[in-house]
Amino acid sequence: MLYPLSYGGRSHRVAVTLAVGGKCGIWQAGGVEEAERAITAIESQNWDQLRVLLHPYLHWTGVDGNTVRGRTKVLAMLAATPDAMHRPSRVEVRAGQIYRWQI
């Protein structure tokens, strides 16, 4: 499968466009692997593994448009409501950890 590259914004970060659950989404370069590992950890409820993948100042935007901020709050939300996890349309990675997760 080919992933077309596009350049945009003043930062000139590379974004990779790929199909996500039937929709096209924009992923920051390098975010695909981190997101797939996070999804696997969430599905298996491996919270220790997920904690390492998430940035402490994480912004998690859900289907309803509400944003939960902070790794601890996001972990608690996912543990309490496992159906809150959806494949993201956009992921931003900072310092090797997921900083933004937008559905």
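Arg-90 stands opposite Gln-102 in strand β7. Strands, and helices likewise, are DSSP runs numbered from the N terminus, with at least two residues (E) for a strand and at least four (H or I) for a helix. The model is a predicted one, in which local features need pLDDT of at least 70 and side-chain atom pairs count only at pLDDT 80 or more, whereas totals for chains, interfaces and linings use all residues. Residues are numbered from 1 along each chain as its sequence is written, and side-chain values use heavy atoms, with hydrogens and water left out.

Strand β6 (residues 90-94) and β7 run antiparallel and are joined by five bridges; two strands are taken to pair if DSSP finds at least two bridges between them. The hairpin of β6 and β7 has two residues between the strands. Ala-95, in the loop between β6 and β7, has a positive phi of about 55° although it is not a glycine. Ala-95 is exposed, with a relative accessible area of 78%; the term exposed denotes a relative accessible area over 50%, buried one under 20%, and partly exposed the range in between (1.4 Å probe, protein chains only). Strand β7 also pairs with β4, in the parallel sense and over four bridges. In that pairing, Leu-54 stands opposite Ile-98 in β7.

An aromatic pair also involves β4 and β7. Rings of Phe, Tyr and Trp (its six-membered ring) are counted as a pair if their centres lie within 6.5 Å, and the pair is stacked with planes under 30 degrees apart, edge-to-face over 60 and tilted for the rest. By this rule there is one aromatic pair. Its members are Trp-60 and Trp-101, which are stacked at 4.6 Å centre to centre with 5° between the planes. The pair links distant parts of the chain, since Trp-60 belongs to strand β4 and Trp-101 to strand β7, 41 residues apart. Both Trp-60 and Trp-101 are buried.

Charged side chains were examined next. A salt bridge is defined as a side-chain nitrogen of Lys or Arg within 4 Å of a carboxyl oxygen of Asp or Glu, and by this rule the count comes to five. One of these joins the side chains of Arg-90 and Glu-92 (3.7 Å, N to O). Glu-92 also meets Arg-94 in a salt bridge, at 2.9 Å from N to O. Salt bridges that share partners join Arg-90, Glu-92, Arg-94 and Arg-100 into one network. Within this network, Glu-92 is buried, with a relative accessible area of 4%, whereas Arg-90 is partly exposed at 26% and Arg-94 is partly exposed at 36%. Arg-94 additionally lies over the face of Tyr-99, at 3.8 Å from the ring centre; a charge sits over a ring if NZ of Lys or CZ of Arg is within 6 Å of the ring centre and within 35 degrees of the ring normal.

A further salt bridge is found in helix α1, where the side chains of Glu-33 and Arg-37 meet (3.5 Å, N to O). These two residues are four residues apart, about one turn of the helix. Glu-33 is exposed, with a relative accessible area of 53%, and Arg-37 is partly exposed, with a value of 35%. In the loop between α1 and α2 lies Gln-45, which is not a glycine and yet has a positive phi of about 55°. The relative accessible area of Gln-45 is 47%, and this residue is partly exposed.

Helix α3 (residues 71-80) has Arg-71, Val-74, Leu-75 and Leu-78 as its buried residues. Seen down the axis of α3, these buried residues fall within an arc of 100°, so they line one face of the helix; the arc is that of the directions from the helix axis to the C-beta atoms. On the other side of α3, Thr-72, Lys-73 and Ala-80 are exposed. The elements that cover the buried residues of α3 include the helices α1 (31-43) and α2 (47-53) together with the strands β4 (54-61), β5 (67-69) and β7 (97-102), where contact means heavy atoms within 4.5 Å. Strands β4 and β7, which are among the elements covering α3, are thus also the strands that carry the stacked residues Trp-60 and Trp-101.
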